[in-house]
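Let's take a walk through this one together. Have a look at the sequence and the 3D view first, then read on.

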Amino acid sequence: MVSSVTRLAAGLVAIAGVASFSVGPALAQTSVKIGYALSRTGPNAGGAAVTTLPNYEMWVKEVNAAGGLKIGDKRVPIEIVQYDDRSSAEEAAKALDRLITQDKVDFILPPWGTGLNLAVGPILNKAGYPHLAATAVTDRAPELAKRWPNSFWLLGTSAGAANTLVELLVKLRGEGKIGDTVAMVSVADGFGIDLSGAARPALAKANFKLAYDKTYPVGTQDLSPLVNEAKALNPDVFIAFSYPPDTLGLTEQARIAGFNPKIFYTGVGTAFPLFKGKFGANAEGVMGIGGWNGDSPAIKDYLARHKAASANGAEPDRWASSVTYASLQMLQQAIERVGKIDRAAVIKDLQTGTFDTVIGKVKFENNLPTKYWWVGQWQGGEFYGVGPATNEGARTPIIPKPAWKAQ
Amino acid sequence: MTNAILTGLMLGGMYALIAMGLTLQYGVARIMNLSYGEFLVAAAFASYWLFTGWALNPLVGLAIVVPTGFGVSMILYRVLLTPLVRRAPTRDALEVDSILATFGMMFIVQGIMLTMFGGAYFSYSFLSIPVAVLGETLALNRLIAFGLAVLFGVALYLALTRTRFGTAIRAVAVDPSAARLVAIDVRWISAFAFAIGGALVAAAGVLISMFLTFSASSGVVFTMKALIVVVMGGVGNLLGCLVAGLALGLSESLVATFVDPGLTLAVNFALFLGVLLVKPAGLFGRAQR
């Protein structure tokens with residue numbers, strides 16, 4: 001008796017569930033469902049936690065505080081569906097499949113990092129979702145933008161990064177500020193391989209002497225042999241295409257060893273607030289990948305809002321953070337201009353429109369932005385963009401780098 | 001050359017320090033603790049928190065974190081692992097069960113750290129002052145970590161070889177059923193060894209946090225390294241742990257300096273495999289049966 005009652009109740013609940021499910025889409029749009037899968041755990045978690053997640057959360061909070069996205073003549077709040085991709089391409093693909101087929105989200109925000117963005121590219125393209133890859137650096141960006149017209153590669157190519165750095169070196173050598181000996185180390189992983197691969201011919205073409213050129217495995221815990229070897233060669237320029245833990249390790253070791261070349265350039269992580277937090281006054285003059293126009297009111301305002309929005313007052317990183325936030329502003333403006341959930345029209349608008357963002361006005365050409373910050377330098381507690389020198393707000397680099405201070 | 005050897009020794013000392021706790025937990029208590037690295041990172045976080053939040057010097061922090069590590073490990077063993085120990089018919093079965101249990105524990109500890117600190121990288125500067133040793137410049141924090149690693153290692157070695165209690169621990173490591181025959185409380189000794197392991201891993205976490213960048217997800221790196229050192233040195237053998245750690249550190253530093261920094265991992269594994277081929281039980285391990 002009890003069991004049949006239970007069964008009946010379960011049946012009713014099931015029917016009610018199915019009914020509400022089928023009624024759902026017929027109702028007017030009450031929310032815009034946006035989904036993402038981010039690396040909350042695994043090796044990518046460190047980068048995603050600094051650069052991507054705070055911006056996603058801040059943007060959603062801000063948009064909802066203003067009443068939501070403007071769809072047509074009314075505002076619709078954003079509803080978030082999120083997963084952990086555990087830093088794995090398979091998990092990211094699975095999560096996106098789920099977002100598309102089961103959660104039926106209206107838009108998808110990209111994962112963190114080059115590898116995962118490349119992994120989810122085909123899925124987003126096939127399903128017709130716009131793909132604003134804000135944290136991917138790949139030399140295949142122009143080719144990918146052609147193959148997947150829905151994808152936008154906001155950080156550009158590693159050749160761009162390496163060439164801009166070399167251009168800056170050539171200019172400084174021309175001004176007599178540096179000589180032509182370069183020591184280069186790179187991490188034996190995607191980023192380091194790409195960047196050093198692009199830098200080698202560029203340096204050779206510009207007649208720089210590459211006195212030291214070594215790679216090291218990911219997760220190397222003591223980088224002092226590299227720093228000591230480089231120091232012994234007394235180069236004018238030290239370049240490290242490194243990941244965040246190595247960036248901190250190399251800088252620390254250079255300070256300990258008193259290795260103070262005229263230019264000290266490190267890779268991912270130099271633009272992180274952690275770098276300034278750890279090295280304080282010693283960050284002064286260190287160059288690294290990325291940068292932003294630290295004097296622009298929009299960036300200053302963004303920095304203040306970011307600090308206020310995050311629980312522990314965390315600052316954004318001075319490279320991809322602002323680009324990530326800008327990509328969300330672009331998505332928002334495109335959606336609002338289209339005025340309805342029409343992904344194809346939103347992609348079209350992204351391809352052709354001009355967008356007002358924290359990093360200035362952005363317009364895509366062949367799905368790629370037209371300008372990037374590639375070289376930045378810590379100057380007076382802020383990481384300013386110094387290259388390309390033609391960018392609006394580019395600062396003059398401080399050369400030679402000031403001596404390391406005793407702490 | 002001097003520089004390469006000095007850096008290698010310090011790196012090796014760090015490896016030995018990381019692995020010492022595991023060799024006790026695995027060798028004596030037979031708990032293959034896969035969450036070992038997570039506990040190390042947790043201690044690093046504790047140290048970071050004490051240092052940035054309370055301005056407490058990490059070396060003073062040791063006085064808080066190490067006993068906490070001991071206590072937490074003791075509780076873990078009594079509450080979580082004792083049922084496994086009771087249930088397991090043989091030590092090998094316990095090893096398998098403990099792998100599964102601590103694998104789960106790894107996610108729990110990692111999850112707690114992620115909720116508390118988020119996934120970002122953490123690093124702070126403490127005593128990163130250059131000091132001259134034999135005409136070479138080294139970082140004071142690494143030097144202190146090395147010194148303390150040696151101190152802990154020697155103290156533990158003496159305790160294990162010179163005291164009655166230490167002899168009992170070694171007896172359990174070698175043959176628990178025979179140990180029982182001479183009135184050694186095997187369960188107690190195992191719990192104690194596991195807890196000392198916990199205290200050591202806490203010490204390692206605090207010392208390493210002074211100079212390495214860490215995040216809630218970086219535990220697995222330390223578990224792997226500790227495992228290699230423990231297996232290479234001979235499970236449960238403290239001296240083996242020290243020798244294996246130093247050998248790995250030295251080989252890494254020498255190869256990075258004189259051959260190519262890209263080959264350090266390859267040489268590490270070659271050394272590991274080489275030792276296992278010649279001595280399958282590890283450098284100081286006793287062959288089974």
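## A word to know first

A salt bridge here is a side-chain nitrogen of Lys or Arg within 4 Å of a carboxyl oxygen of Asp or Glu. Keep that in mind, and remember that what you're looking at is a predicted model.

## Where the two chains meet

How many salt bridges are there between chain B and chain A? The count is one salt bridge. The partners are B:R142 and A:D222, and their closest N and O atoms sit 3.8 Å apart. That counts as a salt bridge because the cut-off is 4 Å. On top of that, five residue pairs are in polar contact between chain B and chain A, with both residues at pLDDT 80 or more.

Now for the whole contact: chain B puts in 37 residues and chain A puts in 31 residues. Together the chains bury about 2700 Å², and carbon and sulfur atoms give 56% of that. On chain B's side, B:Y121, B:S128 and B:P261 supply 22% of the area buried against chain A, more than any other three residues.

## Chain B's side of the contact

Several elements of chain B each supply at least two residues to the side that touches chain A, including β2 (136-139), α9 (219-233) and α11 (264-278). Which element gives the most? That's α1(B), with five residues. Sorted by class, this side of chain B has 19 nonpolar, 15 polar and three charged residues.

## A pocket to explore

Next stop is the second largest pocket, which holds about 1400 Å³ of space. Its lining takes in 45 residues, and B:G27, B:R30, B:R91, B:A173 and B:V174 lie nearest its centre.

Plenty of chain B helices each supply at least two residues of this lining, among them α3 (58-87), α7 (176-181) and α8 (186-209). α6(B) gives the most, with four residues. By class, the lining divides into 25 nonpolar, 11 polar and nine charged residues.

## Closed-off spaces

There are also four cavities of 30 Å³ or more. The largest cavity has a volume of about 70 Å³. Of the 13 residues that line the largest cavity, the closest to its centre are A:T220, A:D222, A:P225, B:E252 and B:A256. You've met A:D222 already, as the salt-bridge partner of B:R142.

Which elements give two or more residues to the lining of the largest cavity? They are α8 (224-232) of chain A, along with α1 and α10 of chain B. α10(B) gives the most, with three residues. The lining of the largest cavity splits into seven nonpolar, four polar and two charged residues.

Technical notes
Residues numbered from 1 in each chain as written. Chains lettered and ligands numbered in written order. Heavy atoms only, no water. Contact = heavy atoms within 4.5 Å. Buried area = accessible area lost by both parts, 1.4 Å probe. Polar contact = N/O pair within 3.5 Å; in protein donor to acceptor, adjacent residues only side chain to side chain. Nonpolar A, V, L, I, M, F, W, Y, C, P; charged D, E, K, R; others polar. 1 Å grid on protein atoms, 1.4 Å probe; cavity = no way out; pocket = protein on both sides within 12 Å on 5 of 7 lines; lining within 4 Å. Points joined across faces, edges and corners; volume = space filled by probe spheres on them.
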